[in-house]
Every structure is written in structure tokens, then in C-alpha cells.
Amino acid sequence: MAAADVIRADAADAAALSQVIADAFLDLPPSWWLIADQAVRRRVFPEYFRIFVEAALADGIVQTIPDRAAVAIWLPSGTGEPTDYLTRLTAITQPWTSRFLAFDAAIESRHPTEPAHHHLAFLAVRPDRQGLGIGSALLLAHHQFLDRQASLPAYLEASAPRSRELYLRHGYVDLGSPNYLPDGGPPMYPMWRAPGQWSP
């Protein structure tokens, strides 16, 4: 798949793209840390991720592909938390809300405030479509914008070694040591891409 096949999502895509993220992230180590029971994660995650999809549709950039089997969510640095975040988060995630808030705090503790950049909040490809270059196409599409028009760096937190390897191939470097979630949780990998870095 080529970057030219990437399109902007709109409000009608919110439910489908939230489900894509939920399915792609279902069994990642941080997901197990948030909620140990897979069946509960499967129930909670679609509405949890919808909070972020809807917020990004309003204040960020949500890219997808024609069959909506993948999504990339980019937020300009300085973007605040979604409207009514705590209220919605509590309604969706209780009795695990404190775990989700601890996750948010851990991630925020390593997120740089300067210089201005775009934050790749989520990159997800439906499990049955992974390994086909779709994630790379989504990355390349926005990297072209960052490099050619905005001259902006990018930041992300990789959630597993496999995704870290993908980002390394696209010009990202580790931004310090891994960020371990509390209570013996798994590592997240803060990463940074300077504008103009090579991307396959």
C-alpha cells in the first residue's frame, strides 16, 4: 500500500476506527496491565478508544484507508485532554479507572513539551491485515506532511518491541530509556523523529 491510498477520516468513521484500535491493541502488554481479563478488555476497549478518536477528529488528524482497516491518530503538541475525559473514562472503565489514570500519568511524565511537534497517539491495523505495509503507508503519509510542509518532529510511545522496530525503520530514535508502567508493569518506548529523517 502507498501513502497515496491514505485518506482523512470523518465523524462517520468513529465507531469503526475505535474498534480497529481495540482489536489491534487487545493483547499488547500495556493492555494486559490495564485490565487482566481479555474478555473484559474486549468489552471495554472500543468505547475507551472512541474517546480519543472523537477528540482527534475534532482537534487533531485522523487518517485511515478506504476500507477503514487501519488508523493513525496525530495530535499537535499542546493538545489538551478530551472534553469530559474523566467523566467518560470513569463511566467506561470503572472499577479499573485508577489503572487507566496511572497509565495516563506515566505516559505524560515522559512526553516532551518542546519543541512543537506532532504526537502519534495511536497507529493501529486490524489484526488480519497486519504485516502488509499498511502501518508504514500511514506513517509515510503524515511524515511527508511533517517534512515538506510543516518541518515538525514527531513523538510517540511504542507499546511493544515489535512496534518499536517499525518506528526505528521510519527514522525514530529512542528518547531516553524505556518508561516502565507502575507496579512492575511493562515498558513503553518513548521515541522521537526529527523532520527530514529517512522513511522507507
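Start by selecting Phe25, Phe45, Tyr48, Phe49, Phe52, Tyr85, Phe100 and Phe122: ring pairs link these residues into a cluster. Keep in mind as you look around that this is a predicted model.

How many aromatic pairs are there in total? The count comes to twelve. Zoom in on one of them, phenylalanine 25 with phenylalanine 49: the ring centres are 5.6 Å apart and the planes meet at 85 degrees, so this pair is edge-to-face. Now colour by secondary structure. Phenylalanine 25 belongs to helix H1 (residues 14–25) and phenylalanine 49 to helix H3 (residues 38–59), so the pair ties together parts that are 24 residues apart in sequence. Are these two residues buried or exposed? Phenylalanine 25 and phenylalanine 49 are both buried.

Next, select tyrosine 167 and tyrosine 172. Their ring centres lie 5.7 Å apart with the planes at 65 degrees, so here is another edge-to-face pair. Turn on the surface and you'll find that tyrosine 167 is buried, and tyrosine 172 is too.

Time for some charges. Pick arginine 41 and tryptophan 32: the charged end of the arginine sits over the tryptophan ring, 4.1 Å from the ring's centre. Then go to arginine 99, whose charged end sits over the ring of tryptophan 33, 4.0 Å from its centre.

Now head back to helix H3 and click on glutamine 38, which lies in that helix. Its relative accessibility is 30%, and since buried means under 20% and exposed means over 50%, glutamine 38 counts as partly exposed. Which residues does glutamine 38 touch, leaving aside its neighbours within four places in sequence? The contacts are Leu26 and Asp27. Try the distance tool on glutamine 38 and leucine 26: they are twelve residues apart in sequence, and their C-alpha atoms are 7.4 Å apart in space.

Finally, zoom out to the whole protein chain. In cartoon view, its secondary structure comes to seven helices and eight strands. Along the principal axes, the C-alpha trace spans about 45 × 35 × 30 Å. A compact globule of 200 residues would have a radius of gyration near 16 Å, and the protein chain has 16 Å, so the two agree.

Show the surface once more: the protein chain exposes about 9,400 Å², with carbon and sulfur atoms supplying 54% of that. Buried residues make up 50% of the 200 residues. As a last stop, display contacts between residues at least 6 apart in sequence: 74% of them join residues at least 24 apart.

Definitions and conventions. Residues numbered from 1 in each chain as written. Predicted model: local features only at pLDDT ≥ 70, side-chain atom pairs only at ≥ 80, totals over all residues. Heavy atoms only, no water. Phe/Tyr/Trp six-rings, centres within 6.5 Å; stacked < 30°, edge-to-face > 60°. Helix = DSSP H or I, 4+ residues; strand = E, 2+ residues; numbered from the N terminus. Buried < 20%, exposed > 50% of the residue type's maximum accessible area, 1.4 Å probe, protein only. Lys NZ or Arg CZ within 6 Å of the ring centre and 35° of its normal. Rg over C-alpha atoms; globule rule 2.2 N^0.38 Å. Contact = heavy atoms within 4.5 Å. Areas by Shrake-Rupley, 256 points an atom, 1.4 Å probe, with all protein chains shown as cover.
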